[in-house]
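Hi,

Here is the structure I said I would send over. Have a look at it first, and my notes on what turned up are underneath.

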Amino acid sequence: MACCAALSAGTAQAAHAAATGPAAQPSPSPTALPSGTATATSFWDGVTASGRPMRYQTVASPYWPLGTTVKITYGDRSAIGIVDDFGPAEWAVAQHDIPAIVDLSAEMMADLTGARSNSVHVRFQVLSWGAGRVFRGAGTGYDLAMGRG
């Protein structure tokens, strides 16, 4: 579970960098909404890159624009999240057997898995693209996040 605490720190650093970093990038094609299997980790930050407070439906992804809506399924349980933050960090994405392209709020993770701090394989389905900034447009897990991996 130490990895998840480290992910929170990495997410906070990414959010800070994003606040002073790149401007909004064009959103991916709305006709090609990605889905697949990825690793999801959990996090909890006081401040998100979007400026919204952390809440149950907060998810983070370095590859999806802020405001993107995504359905996360673990076993027979599903939840809808909104990308309000950036993370996991590049090193955390790459350390999993399936890249960790999404962080779930600790509350959402607990609802889906029974544990607030976890790292699990989930199904993801982007429901709609957000219009906000994107933290990374390439890297480990990018193709997976865009439905090409």
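Let's start with R52 and D84, whose side chains meet in a salt bridge at 3.6 Å, N to O. Bear in mind throughout that this is a predicted model. R52 sits in the loop between strand 1 (35–43) and strand 2 (58–60), while D84 belongs to strand 4 (residues 77–85), so the pair ties together parts that are 32 residues apart in sequence. The two partners sit in unlike surroundings: D84 is buried, at a relative accessible area of 1%, and R52 is partly exposed at 42%.

In total, the structure has five salt bridges. Another one links R77 to D111, with the closest N and O atoms 3.0 Å apart. Here R77 comes from strand 4 and D111 from helix 3 (residues 106–113), so this pair ties together parts that are 34 residues apart in sequence. Both ends count as partly exposed, R77 with a relative accessibility of 39% and D111 with 33%.

Then there is R148 with D143, again a side-chain salt bridge, at 3.6 Å from N to O. R148 is exposed, with a relative accessible area of 55%, whereas D143 is partly exposed at 41%. Going back to the R52 bridge, salt bridges with shared partners join R52, R55 and D84 into one network.

Now for the inside. How many residues does the largest nonpolar core have? The count is 27, and the residues with the most contacts inside this core are W64, I72, I101, L104 and F124. Quite a few elements feed into it: strand 1, strand 3 (69–74), strand 4, strand 5 (100–105), helix 3, strand 6 (119–128) and helix 4 (142–145) each supply at least two residues. Strand 6 gives the most, with four residues.

If you want one residue to click on, try L104. Setting aside its neighbours within four places in sequence, L104 is in contact with A40, T41, S42, F43, T58, V59, I72, M109 and L112. I72 also appears on the list of core residues with the most contacts, so to speak a familiar face by now.

As for the overall layout, the chain contains four helices and six strands. Following the sequence from start to end, the pattern reads α-β-β-β-β-α-β-α-β-α. Of its 149 residues, 46% count as buried. Among the contacts with a separation of 6 or more, 80% are between residues 24 or more positions apart. The R52–D84 bridge, at 32 residues apart, is one example of a link between separated parts of the sequence. On the outside, the accessible surface of the chain comes to about 6300 Å², and 55% of that belongs to carbon and sulfur atoms.

Last, a word on confidence. The average pLDDT for the chain is 84, and 79% of the residues score at least 70. Where does pLDDT stay under 50? That stretch is residues 1–27, for which the model still has 45 contacts beyond four places in sequence.

Cheers

Definitions and conventions
Residues are numbered from 1 along each chain as its sequence is written. Side-chain values use heavy atoms; hydrogens and water are left out. A salt bridge is a side-chain nitrogen of Lys or Arg within 4 Å of a carboxyl oxygen of Asp or Glu. Buried means under 20% relative accessible area, exposed over 50%, partly exposed in between (1.4 Å probe, protein chains only). A nonpolar core is a set of buried Ala, Val, Leu, Ile, Met, Phe, Trp, Tyr and Cys residues joined through side-chain atoms within 4.5 Å. Contact means heavy atoms within 4.5 Å. Accessible areas come from the Shrake-Rupley method with a 1.4 Å probe; for residues, only the protein chains shown count as cover. pLDDT is the predictor's confidence in each residue, from 0 to 100.
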